[in-house]
Amino acid sequence: MNPEGKVALVTGGSSGIGRATALLLAEAGASVVVADIDGDGGAETVSLVEQAGGKAAFVESDTTRREELERMVAFAEETYGGLDILHNNAGIGLPPPRFPETPPERWEIALTVNLWAVIAGTQAAVPAMRRRGGGVIVSTASMAGIIQYQPDPIYAAAKHGIVGLTRALVFLKAEANIRVNCVCPGVVDTPMLTKLMPEMTAEQRAQRDAMVSQMPLIPPREIAEAVLEFVRDDSLAGEAMGIMYGRPRKLIPPAVTFSRDPAQRMPN
Ligand SMILES: NC(=O)c1ccc[n+]([C@@H]2O[C@H](COP(=O)([O-])OP(=O)(O)OC[C@H]3O[C@@H](n4cnc5c(N)ncnc54)[C@H](O)[C@@H]3O)[C@@H](O)[C@H]2O)c1
């Protein structure tokens, strides 16, 4: 899909990867709805898009609330006449302690933002995309959704969920001309890495900041470029794309597939 003249909606568009995607989609000619709980950051993204000559509008939307997801989709239709592209991107990290010590309400929120909201956001967008004759949905998963990511098992579970959802929704391409894909970044240079979580002790924050300062960080624009590749390339559906520092991005097929021959129906 050529994004020129199309309508895109980016959740978590007030910061980091979402902001970079909003900017790149607007540069490519799309009108962009920035959806987030952070109004100040959203206004800044809109202003950055406008300074670069693009079109954007902000809608306050908490992705953990179904009615707000429906409202953000309706806002795109009312403001720009439809919805063609959705970037399900809003996400949060979990502070220590690591599961199973994590308080239940903490991991339940993380799972809701990082997985439930991606499923519900996709569900909210599909009817609007059907009205346009098709669309593209790109979710932000993570390398934590592909590898055995021990530092944060709940985050890993949610991101594996996004990858599984994406691969399974491949049928929407044939059924509704909607292509669903996801990006799986390594460590990206965004405020998420250094956000002050009130639950963290000063020592835990210092440890985390020291660790982050030693890592090579991917610029958020590289993730936005991967999102744009998914938008532009009409052959891509049900795919997860890995993005690691200093390496070319690449599609990651499932590690295990079933043989088409029923007599041999074992993973290979
Ligand atoms: N930064 C990394 O290293 C990294 C790596 C892999 C994947 N990711 C994923 O990328 C996505 C974007 O993260 P980022 O690094 O840009 O972080 P960020 O903290 O800079 O941005 C996240 C945005 O999501 C918004 N948000 C949080 N909860 C929300 C909710 N309930 N409703 C609406 N908006 C909400 C925040 O207000 C913020 O603007 C996340 O899904 C994250 O898990 C990040």
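Visitor: Which backbone nitrogen does the side chain of Ser142 reach, and why would that pair be called a polar contact?

Guide: The side chain of Ser142 comes to 2.9 Å from the backbone nitrogen of Ala144. A polar contact needs its N or O atoms within 3.5 Å, so a distance of 2.9 Å satisfies that cut-off. Do keep in mind that this is a predicted model.

Visitor: Is Ser142 called buried or exposed, and why?

Guide: Ser142 has a relative accessibility of 8%. Buried means under 20%, so Ser142 is called buried. The residue sits in the loop between strand 5 (135–140) and helix 5. Beyond its neighbours up to four places away in sequence, Ser142 touches Tyr155, Lys159, Val183, Cys184 and Pro185.

Visitor: Let's turn to the ligand. Which residues come nearest to it?

Guide: Ser15, Asp36, Tyr155, Thr190 and Lys195 do, out of the 30 residues around the ligand. Tyr155 is also one of the residues touched by Ser142.

Visitor: How do you know that Ser15, Asn89 and Thr190 make polar contacts with oxygen atoms of the ligand?

Guide: Compare each distance with the cut-off. A polar side-chain atom of Ser15 is 2.6 Å from a ligand oxygen. For Thr190, an N or O atom of the side chain is 2.5 Å from an oxygen of the ligand. Asn89 takes part through a backbone N or O atom, at 2.8 Å from a ligand oxygen. A polar contact is a pair of N or O atoms within 3.5 Å, and therefore these three pairs count.

Visitor: How much of the ligand does the protein bury?

Guide: Taken alone, the ligand exposes 830 Å², and the protein buries 94% of that area.

Visitor: What makes up the shell around the ligand, and which helices each supply at least two of its residues?

Guide: The shell divides into 12 nonpolar, 13 polar and five charged residues. Helix 1 (16–27) and helix 5 (153–168) each supply at least two of them.

Visitor: Why is Thr11 classed the way it is, buried or exposed?

Guide: Thr11 has a relative accessible area of 3%. That value is under 20%, so Thr11 is buried. Thr11 belongs to strand 1 (residues 7–11), and a polar atom of its side chain is 2.8 Å from the backbone nitrogen of Asn89. Apart from neighbours within four places in sequence, its contacts are Ala35, Thr63, Met72, Leu86, His87, Asn88, Asn89 and Ala90.

Visitor: And how should Gly246 and Asp261 be described, as buried, partly exposed or exposed?

Guide: Gly246 has a relative accessible area of 70%, which is over 50%, so it is called exposed. Gly246 is in the loop between strand 7 (240–243) and strand 8. Asp261 has 37%, which falls between 20% and 50%, so it counts as partly exposed. Asp261 lies in the segment after strand 8 (250–251).

Visitor: How far apart in space are Gly246 and Ile218, and how far apart are Asp261 and Val59?

Guide: Going by C-alpha atoms, Gly246 and Ile218 are 7.9 Å apart in space, with their positions 28 residues apart in sequence. Asp261 and Val59 are 49 Å apart in space and 202 residues apart in sequence.

Visitor: What makes the peptide bonds from Pro96 to Pro97 and from Phe99 to Pro100 worth pointing out?

Guide: Most peptide bonds are trans. The bond joining Pro96 and Pro97 is cis, with omega about 5 degrees, and the bond from Phe99 to Pro100 is also cis, with omega near 15 degrees. Pro97 is in the loop between strand 4 (85–88) and helix 4 (104–132), and Pro100 is in the loop between strand 4 and helix 4 as well.

Visitor: What makes the phi of Asn177 stand out?

Guide: Most residues other than glycine have a negative phi. Asn177 is not a glycine, yet its phi is positive, about 60 degrees. Asn177 is in the loop between helix 6 (171–176) and strand 6 (178–185). Its relative accessibility of 45% lies between 20% and 50%, so Asn177 is called partly exposed.

Visitor: How do you know that the chain agrees with a compact globule?

Guide: For 268 residues, a compact globule would have a radius of gyration near 18 Å; the chain has 18 Å, so the two agree. The chain has eight helices and eight strands, and buried residues make up 47% of its 268 residues. Among contacts with a separation of 6 or more, 67% join residues 24 or more positions apart.

Definitions and conventions: Residues numbered from 1 in each chain as written. Predicted model: local features only at pLDDT ≥ 70, side-chain atom pairs only at ≥ 80, totals over all residues. Heavy atoms only, no water. Near = heavy atom within 4 Å. Polar contact = N/O pair within 3.5 Å; in protein donor to acceptor, adjacent residues only side chain to side chain. Areas by Shrake-Rupley, 256 points an atom, 1.4 Å probe, with all protein chains shown as cover. Helix = DSSP H or I, 4+ residues; strand = E, 2+ residues; numbered from the N terminus. Nonpolar A, V, L, I, M, F, W, Y, C, P; charged D, E, K, R; others polar. Buried < 20%, exposed > 50% of the residue type's maximum accessible area, 1.4 Å probe, protein only. Contact = heavy atoms within 4.5 Å. Rg over C-alpha atoms; globule rule 2.2 N^0.38 Å.
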